[in-house]
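These are my notes from a session spent going through one model, beginning with the whole chain and then moving to single residues. I wrote down what I looked up in the order in which I looked it up.

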Amino acid sequence: MQRTAAWSRIRFGAMAEAVKRKRLDALTSLRWFAAFAVLLRHIWGRTRLVPAGVAHHFLRQGVVGVSFFFILSGFVLTWSHVANDSPRSFYGRRIARIYPAYAVAALATAVFILSKHLHIGFRDIFTFTLLQAWIPDGKYHFALNSVSWSLSVELFFYVAFPFLLPLLTRLPLNARRIVMAACVVIPLLIALGLRPHEGETSYWFMYVFPPVRMLEFVAGILLALEVRDGTWPRVDVLPAVAVALVGYVAAGFVPEPLMWTATASLPFIILIGAVAQSDLDRPVRVLHFRALVWLGEASYAFYLVHLTVLAFLLDHLGSKTAGLLALPAGLVAAALLHELIETPFERRLRPRLSGTARPRVNS
């Protein structure tokens, strides 16, 4: 009861509630680029569309798109939080937001697997629980639709958020910055200390284990608090984009353990902070183009379906053709999932599960 009260009493500085709740459509647009980076990673791993040397240095690091999503998730949930919210309402909205599209995408993947006369086992069914990331076995956490492991991690973020936010909000500015620095440095130390390889338990611990990936989520929460309080150093958008691109490219030239989470986290924090600040007073027009905002809104659906679409194309077409068609075919599938399942089911389920029809603010 006391924790619930603490959650509901949160206040954020002297900024007006209307300003704090402003939609940041530019951040929604950025989601698309992160989803596209993940697609590039899977094209690198499954096709011969791009020469091996180029792909190795410029496509394989698309995994950092997941880091971007985790940081942005912490930022957006904090930004959209209101003082009279409750854990029940929050949990209901998150379930309405992610689960219908998640379940339908998983079912579509299962149908595709069965169409190839392959077996669907307990590990595949277990992914519907959204608990697969807790099991240190790739046959579980990468089962069925392998990208779904990250939604299992997100679920842990959601469970922890009502308890994390009051704690982090009460920290003084210097302590917040120390925690944020730790969120950036600890993955680097883990990478250097474990030097894991894919398939090892140490790889699961570093790349999949929800408490470790929560470091990126916490960094996003702290970033949102600073932007709201006006204490985050101002960086223009163009330099921030340049820093993020350098971080992305650098991730393709470092050892894999450093690529997975450590190299691009700080550049992404700088980018998200700069774009959010810009959206409050001098929005970047291109990031508000309706088509780009829609792509950002549909990026979750695209993320869920793109790997299954790519597998289907590879099953029926040559490697290069599949690679070329992965983007347009993935967009068609994402549009169907977003418009027919994700959006209408969220709209219907949100009032029932959360007890409120509060509109979504980039969340």
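**Overall form.** I began with the radius of gyration, and for 363 residues a compact globule would have a value near 21 Å, so the 20 Å of this chain agrees with that expectation. I note at once that this is a predicted model. Along the principal axes, the C-alpha atoms fill a box of roughly 60 × 45 × 40 Å. When I looked up the secondary structure, I found 18 helices and 0 strands in the chain.

**Burial, contacts and surface.** I then asked what share of the 363 residues counts as buried, and the value is 55%. For the contacts with a separation of 6 or more, I found that 82% come from residues 24 or more positions apart. The chain exposes about 15900 Å², and 68% of that area is supplied by carbon and sulfur atoms. For the charges I noted 36 positive and 20 negative side chains, with the centres of the two sets lying 4 Å apart.

**The nonpolar core.** Which residues touch the most other members of the largest nonpolar core? They are Leu27, Phe75 and Leu304, in a core of 103 residues. Helix H12, residues 210–229, gives the largest share of this core, with 12 residues. I followed Leu27 further and, not counting residues up to four places away in sequence, found that Leu27 touches Leu72, Phe75, Ile272, Val275 and Ala276. As a general remark, nonpolar side chains tend to be buried together in soluble globular proteins.

**Pro211 in H12.** Staying with helix H12, I looked up Pro211, which lies in that helix. Its relative accessible area is 33%, so Pro211 counts as partly exposed. Leaving aside neighbours within four places in sequence, I found Pro211 in contact with Trp134 and Phe156. Pro211 and Trp134 are 77 residues apart in sequence, while their C-alpha atoms are 9.6 Å apart in space.

**Gly273 in H15.** Is Gly273 buried or exposed? The relative accessibility is 0%, so I entered Gly273 as buried. Gly273 is found in helix H15, which covers residues 265–281, and its contacts, apart from neighbours within four places in sequence, are Leu223, Val227 and Trp232. I also looked up its C-alpha distance to Ile125, which is 148 residues apart from Gly273 in sequence, and recorded 39 Å.

**Two leucines with positive phi.** I turned next to the backbone and noted that Leu130, although not a glycine, has a positive phi of about 60 degrees. Leu130 lies in the loop between helix H7 (122–126) and helix H8 (138–141), and at 4% relative accessibility it counts as buried. Leu144 is not a glycine either, and has a positive phi of about 55 degrees. The place of Leu144 is the loop between H8 and helix H9 (149–170), and the burial call rests on a relative accessibility of 14%, because buried means under 20%.

**Trp79 in H5.** I found Trp79 in helix H5, residues 64–79, with a relative accessible area of 2%, so that Trp79 counts as buried. The C-alpha atoms of Trp79 and Arg23 are 9.1 Å apart in space, and the two residues are 56 residues apart in sequence.

**Gly193 in H10.** For Gly193, which has its place in helix H10 (residues 173–194), I looked up the accessibility and found 61%, so Gly193 counts as exposed. Between the C-alpha atoms of Gly193 and Pro257, which are 64 residues apart along the chain, the separation is 9.9 Å.

**Ser319 in H18.** My last entry is on Ser319, which lies in helix H18, residues 319–354. Its relative accessible area is 15%, which means that Ser319 is buried. Which residues are in contact with Ser319, leaving aside its neighbours within four places in sequence? I listed Arg46, Thr47, Arg48 and Leu314.

Methods
Residues numbered from 1 in each chain as written. Predicted model: local features only at pLDDT ≥ 70, side-chain atom pairs only at ≥ 80, totals over all residues. Heavy atoms only, no water. Helix = DSSP H or I, 4+ residues; strand = E, 2+ residues; numbered from the N terminus. Rg over C-alpha atoms; globule rule 2.2 N^0.38 Å. Buried < 20%, exposed > 50% of the residue type's maximum accessible area, 1.4 Å probe, protein only. Contact = heavy atoms within 4.5 Å. Areas by Shrake-Rupley, 256 points an atom, 1.4 Å probe, with all protein chains shown as cover. Lys, Arg positive; Asp, Glu negative; His and termini not counted. Charge placed at Lys NZ, Arg CZ, Asp CG, Glu CD. Core = buried A, V, L, I, M, F, W, Y, C linked by side-chain atoms within 4.5 Å.
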